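Hi,

Here is the structure I promised to pass on. Have a look at it first, and then read my notes below.

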Amino acid sequence: MSLRDEIAELLRMPEHGVGAPSLDTIESTLTDGYAAKHALEADRWRIERRLCEVARGAGKPAGRREFARLSEQLETIDGELAKLRPLLHNLPARRRLARRAA
């Protein structure tokens, strides 16, 4: 199961009582989610920097191919971030609820 699926499943679980996720589970998932988000953002930054370098020499066929490949990677990362960010946005509220219940 992907991290996004884990987060979505955790958010679908009851907020309290039987079947509610533990505070440890929520915090661990939140930490993993933030780590994944930061890794994607770092990859995005590296790709953007490389795109700028390649753009300077884009007149060459190899440069055009690399530019296209990097652009696709950037688009993929943007899509992943667009799916992950809203899920992560909702987890701190679940953590607060779990802390109150503990």
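A word on confidence before anything else: this is a predicted model, and the protein chain averages a pLDDT of 91, with 98% of the residues scoring at least 70. Broken down by element, helix 2 has the highest confidence, at a mean of 95, and helix 3 the lowest, at 91. Where pLDDT is low, the predicted coordinates should not be read in detail.

Now the overall picture. The chain has 3 helices and 0 strands, so if you walk along the sequence you just get α-α-α. The C-alpha trace spans about 60 × 20 × 15 Å along its principal axes. The radius of gyration is 19 Å, whereas a compact globule of 102 residues would come out near 13 Å. Buried residues account for 25% of the 102 residues. The accessible surface is about 6700 Å², and carbon and sulfur atoms make up 54% of that. As for who meets whom, take the contacts between residues at least 6 apart in sequence: 73% of them join residues at least 24 apart.

Helix 2 is where I spent a good part of my time. This helix runs over residues 23–56, which is 34 residues, and reaches 50 Å from its first C-alpha to its last, close to the 50 Å expected at 1.5 Å a residue. Its buried residues are I26, T29, L30, G33, K37, L40, I47, L51 and V54. What do they pack against? Helix 1 (3–12) and helix 3 (61–101). As a reminder for reading that list, an α-helix has 3.6 residues a turn, so residues three or four places apart point the same way.

Two neighbours in helix 2 are worth clicking on. T29 has a relative accessible area of 7%, which is under the 20% cut-off, so T29 counts as buried. Leaving out residues up to four places away in sequence, T29 touches L3, I7, L10 and L91. L30, also in helix 2, is at 2% relative accessibility and therefore buried as well. With neighbours within four places set aside, L30 is in contact with L88, L91, P92 and R95. The C-alpha atoms of L30 and I7 are 8.1 Å apart, although 23 residues separate the two along the chain.

Then there is the nonpolar core. The largest one has 18 residues, and I7, I47, L88 and L91 touch the most other members. Helix 1, helix 2 and helix 3 each supply at least two residues of this core. Which helix gives the most? That is helix 3, with 9 residues. L88 is a good place to start looking: apart from residues up to four places away, L88 touches I7, L30, G33, Y34 and K37.

One last residue, for contrast. Is E80, in helix 3, buried or partly exposed? At 28% relative accessibility E80 is over the 20% limit for buried and short of the 50% for exposed, so E80 counts as partly exposed. E80 touches R4 and L40, again not counting residues up to four places away in sequence. From E80 to T25 the distance is 22 Å, C-alpha to C-alpha, with their positions 55 residues apart in sequence.

Cheers

Conventions: Residues numbered from 1 in each chain as written. Predicted model: local features only at pLDDT ≥ 70, side-chain atom pairs only at ≥ 80, totals over all residues. Heavy atoms only, no water. Helix = DSSP H or I, 4+ residues; strand = E, 2+ residues; numbered from the N terminus. Expected span 1.5 Å × (residues − 1). Buried < 20%, exposed > 50% of the residue type's maximum accessible area, 1.4 Å probe, protein only. Contact = heavy atoms within 4.5 Å. Core = buried A, V, L, I, M, F, W, Y, C linked by side-chain atoms within 4.5 Å. Rg over C-alpha atoms; globule rule 2.2 N^0.38 Å. Areas by Shrake-Rupley, 256 points an atom, 1.4 Å probe, with all protein chains shown as cover. pLDDT = per-residue confidence, 0-100.
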